[in-house]
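Hello,

Here is the structure we talked about passing on. Please open it alongside this note; what I found follows below.

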Amino acid sequence: MITAVRKPMEEIIACVEPYDRILLVGCNECVSVCSAGGRKEVALLASALHMHFMKQGKTMDIREMTLERQCDPEYVEELVTSVDGADAVLSMACGCGVQTIAARYREKPVFPAVNTTFMGASERQGVWSERCQGCGDCVLGITGGICPIARCSKRLMNGPCGGSTKGKCEIDANIDCAWQLIWDRLKALGLERRIEDIMEAKDWRTSRDGGPRKIIREDLAS
Amino acid sequence: MSDTFEPEIVAFCCHYCAYTAADMAGSKRISYPPNVKIIRVPCTGKVDAIHIMKALEKGADGVYVAGCLEGDCHFKTGNIRAAHRVRRVQALLEEIGVEPQRVEMITMSAGMGERFAKTARDFTEKIRQLGPSPVTTAARDSRRRAVS
């Protein structure tokens, strides 16, 4: 999922302060799962903003809405009537959702209420970790299902480096060395010989080095 | 102001402990301030951050969540979860300039009628010292200005 964390209230307040009517929009997908921008978080942020502005003696009209998926024009269309009654939109979705709203409702200022953080997985209740950087050329099949790009601090394709100590990374003792994990996993699978296969320099053009990416499925695109 | 100020306090009380303790206080004829308005919940784990925030937004000067003693939750960890949520609300309140002390997590057992009453007295006194909630004060002032 795409993970996010709420921005500091000070930053959010500074964005919406000049307006009187705010449409606060959440998303039922990833940000809901990582408890950053779902229905509950929308209600909580609305309440905090109400209180802040009441404290200032200002009545802020905040309309709450949570879309099924904010990165999909089909669902963003549902805002069409509510947007009219708002001076600005505050989105609790990831950057994709914010941009979908901005593209559809060009005349309305749109502000993000969360910082989109990474593509990650849930480790346990309340803990999410980065697992993928969307490099566009997945190597998980040869690294035992552990990504050296997302999980090695140096993105080494042939590790570990000299900074790996007792299975931990030199940048932080709480971070597992991805290459230690890869070694352990390959060993468990009886594939430890693979660690000696040298991976060639990665072609980063499939990643961000190739500029903004796009997928066009001819069979689906209209 | 603080001499005449009577705070409005909302207490979310767990059915299995704090609510029963309140009952116990009543049976023992131990008085506690009428400022405390009790909302019975099946477990403090049922109390969400939004419930606390809404109570404050709608005019409460203080809110406390009263659950079972640590390790004694009828639903195992409801009180621990509630304590985490209370801390989260305190942090959020701090961010918007509202005193985090207006929200508290308290634990007690069903037999602690005295503790329930003392907690209610202490918390009421603490909020009385803090004064009216800045949220409701400003809203009231602005309404008054609009009328006059």
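**Helix packing within chain B**

In this predicted model, helices α2(B) and α3(B) pack with their axes 9 Å apart, at an angle of about 45 degrees. An angle of about 45 degrees is neither under 35 nor in the 65 to 115 range, so α2(B) and α3(B) are oblique to each other. Their crossing is right-handed. From α2(B), the residues A49(B), I52(B) and M53(B) take part; they meet R85(B), R88(B) and V89(B) of α3(B). By class, this contact has four nonpolar residues, two charged ones and no polar ones.

A second pair in chain B is set at another angle. Helix α1 (residues 18–27) and helix α4 (residues 113–130) of chain B cross at roughly 95 degrees, and their axes come within 7 Å. That makes α1(B) roughly perpendicular to α4(B). On the α1(B) side the contact uses A18(B), A21(B), A22(B), M24(B) and A25(B). On the α4(B) side it uses G113(B), R115(B), F116(B) and A117(B). Seven of these residues are nonpolar, one is polar and one is charged.

**Between the chains**

Which helix of chain A packs against α2(B), and at what angle? It is α3 of chain A (residues 39–55), at about 25 degrees to α2 of chain B (residues 49–57). The two axes lie 10 Å apart. α3(A) and α2(B) are therefore roughly parallel to each other. The crossing of α3(A) past α2(B) is left-handed. α3(A) brings K40(A), A43(A), L44(A), S47(A), A48(A), H50(A) and M51(A) to the contact. α2(B) brings A49(B), I50(B), M53(B), K54(B), L56(B) and E57(B). The tally for this contact is eight nonpolar, two polar and three charged residues.

Note A49(B) and M53(B). Both belong to the contact of α2(B) with α3(A). Both also belong to the contact of α2(B) with α3(B).

Now the whole interface. Here 14 residues of chain A are in contact with 17 residues of chain B. On the chain B side, α2, α3 (78–95) and α5 (134–147) each supply at least two residues. That side divides into eleven nonpolar, four charged and two polar residues.

**Chain A: domains and one loop**

The domain assignment splits chain A into domain 1 (2–118) and domain 2 (133–203). Their centres, taken over C-alpha atoms, are 38 Å apart.

Two backbone details are worth a look, both in the loop between α7 and β8 of chain A. α7 covers residues 148–151 and β8 covers 168–169. What kind of peptide bond joins G159(A) and P160(A)? A cis one, with omega about 0 degrees. P160(A) sits in that loop. So does R155(A). R155(A) is not a glycine, yet its phi is positive, at about 55 degrees.

**Confidence**

For the complex, the predictor gives an ipTM of 0.91 and a pTM of 0.93. Chain B has a mean pLDDT of 93. In chain B, 95% of the residues reach 70 or more.

**Where to start**

I would begin with α2(B). It packs against α3(B) at about 45 degrees and against α3(A) at about 25 degrees. Then turn to the loop of chain A that holds R155(A) and P160(A).

Best wishes

Conventions: Residues are numbered from 1 along each chain as its sequence is written. Chains are lettered from A and ligands numbered from 1 in the order in which they are written. This is a predicted model: local features need pLDDT of at least 70, side-chain atom pairs count only at pLDDT 80 or more; totals for chains, interfaces and linings use all residues. Axes are lines fitted to C-alpha atoms, for helices over the stretch in contact, and angles run from 0 to 180 degrees between N-to-C directions. Helices (H or I, at least four residues) and strands (E, at least two) are DSSP runs, numbered from the N terminus. Angles under 35 degrees count as roughly parallel, over 145 as roughly antiparallel, 65 to 115 as roughly perpendicular and the rest as oblique. A crossing is left-handed if the near helix is turned anticlockwise from the far one by less than a right angle, and right-handed if clockwise. Two residues are in contact if their C-beta atoms, placed from the backbone, lie within 7 Å. Ala, Val, Leu, Ile, Met, Phe, Trp, Tyr, Cys and Pro count as nonpolar, Asp, Glu, Lys and Arg as charged, and the others, Gly among them, as polar. Domain bounds come from an automatic or database domain assignment. pLDDT is the predictor's confidence in each residue, from 0 to 100.
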